[in-house]
Amino acid sequence: MIDFRYYLVSIVSIFLALAVGIVLGAGPLKGDLGVRLTEQMTALRAEKTQLRTDLDTARRDATSRDTFFSAVAPAVVRGRLAGKTVAIVVAPGVDADLVKNATASLISAGAKVGSTITLTDSWADPTKTTMRNTVASPFASLVKAPAEASSPDQLAASVLARAILDGTDHSTERLTASAGEALNGLKAGDLISYSPDQIVPSSSVVFLGGPVKGSTQQESDARLASYVQLSRLLDAAGSGVVVAAKSNTTDRTRSADLVAGVRKDSVAVKVISTVDDADLPMGLGTLVLALQQQYTGGAGQYGLDSDAKAILPDPTAKQ
């Protein structure tokens with residue numbers, strides 16, 4: 001049993017420690033402690049000032065870069081896609097300005113936008129695989145989808161790819177009746193929406209990716225896999241695909257979800273090009289150059305993020 005002497009000794013020890021601390025703080029250590037604190041505060045202020053200077057410099061550099069590319073881009077991309085008809089496929093969550101600016105960039109390069117296909121959330125929902133197959137199944141034979149397209153969660157992507165792409169450029173032609181019926185079927189099944197009402201068959205695709213989110217990591221992975229699979233099937237049905245997304249300004253070690261998914265896919269990365277900074281003037285120019293490269297059979301991973309292989313394709317390369 002602990003007696004009164006234990007408590008007394010404990011209390012005396014506490015007050016003795018406090019007294020020693022006060023004496024040392026007011027005496028031999030006072031000067032050193034004050035000097036160290038002053039030096040640390042001075043160093044922190046200097047570090048803060050340098051960080052602010054670095055940030056301001058980076059912002060000025062980025063503004064200058066964007067101003068420069070905005071000025072030279074029209075000359076760089078002019079005529080690069082003359083005579084080409086391009087479909088734009090838009091994943092859920094894509095910023096409207098990205099769609100508008102990508103469209104304008106393609107047109108300025110001489111391309112015709114044959115269609116803008118917007119995917120609904122149901123397109124990649126892993127709980128709706130059966131529904132997608134049920135919607136797409138009646139139209140597979142109409143658009144001559146390959147036999148392997150009957151595999152799970154591949155049928156709708158094959159039908160869409162075959163409906164909007166014919167691998168050639170005939171900008172005055174309309175969709176065939178069969179392709180139109182298939183596209184309307186996907187729309188009625190709440191898998192897509194599209195514009196304009198009179199779609200022109202395209203020879204290539206710009207696939208704009210947004211954030212890929214699910215209630216669990218497993219669902220997110222399944223959704224991303226569905227979009228990567230669609231990009232591969234679009235590439236197989238036409239003359240090329242460029243996957244593009246907004247830049248990740250907060251973490252350059254991570255590109256946007258769909259761009260990263262293509263870059264990690266051992267098959268897709270060999271045939272599909274990606275652009276991870278399509279929201280920037282430089283990236284919009286890269287988008288055009290990458291699509292031009294696709295028409296010649298080339299592919300590359302472009303942008304500012306760490307998994308990009310180059311900032312942009314060589315603009316002087318013979319196409």
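# Salt bridges and a buried loop residue

Q: What is the relative accessible area of Arg223, and is the residue buried or exposed?
A: In this predicted model, the class of Arg223 follows from the cut-off, since buried means under 20% relative accessible area. Arg223 is below that limit and therefore counts as buried, its relative accessible area being 6%.

Q: Which residue in the same helix forms a salt bridge with Arg223, and how far apart are the two in helix H7?
A: The closest N and O atoms of the pair lie 3.0 Å apart, and the residue that meets Arg223 in this salt bridge is Glu219. Glu219 is buried, as is Arg223. Because the two stand 4 residues apart in helix H7, the separation between Arg223 and Glu219 is about one helical turn.

Q: How many residues apart in sequence are the parts that the salt bridge between Asp121 and Arg223 ties together?
A: Asp121 forms a salt bridge with Arg223, with 3.1 Å between the closest N and O atoms. Asp121 lies in the loop between strand E2 (112–119) and H4, whereas Arg223 belongs to helix H7 (residues 217–237), so the pair ties together parts whose separation in sequence is 102 residues.

Q: What is the relative accessible area of Asp121, and how is the residue classed?
A: The partly exposed class lies between the buried limit of under 20% and the exposed limit of over 50%. Asp121 falls in this class and is partly exposed, because its relative accessible area is 45%.

Q: Which residue forms a salt bridge with Arg232, and where does that residue lie?
A: The side chains of Arg232 and Asp265 meet at 3.6 Å, N to O. This pair links distant parts of the chain, 33 residues apart, with Arg232 in helix H7 and Asp265 in the loop between helix H8 (257–264) and helix H9 (268–271). Arg232 is partly exposed at 36% relative accessibility, while its partner, with a relative accessible area of 18%, is the buried Asp265.

Q: Which residues are joined into one network by salt bridges that share partners?
A: Arg223 forms a salt bridge with Asp121, and Arg223 also forms one with Glu219. Through such shared partners, one network joins Asp121, Glu219 and Arg223.

Q: Which residues is Ala140 in contact with, leaving aside its neighbours within four places in sequence?
A: Ala140 is found in the loop between helix H4 (129–136) and helix H5 (155–164), and at 13% relative accessibility the residue counts as buried. With neighbours within four places in sequence left aside, the contacts of Ala140 are Ala145, Leu155 and Val159.

Definitions and conventions
Residues numbered from 1 in each chain as written. Predicted model: local features only at pLDDT ≥ 70, side-chain atom pairs only at ≥ 80, totals over all residues. Heavy atoms only, no water. Buried < 20%, exposed > 50% of the residue type's maximum accessible area, 1.4 Å probe, protein only. Contact = heavy atoms within 4.5 Å. Salt bridge = Lys/Arg side-chain N within 4 Å of Asp/Glu carboxyl O.
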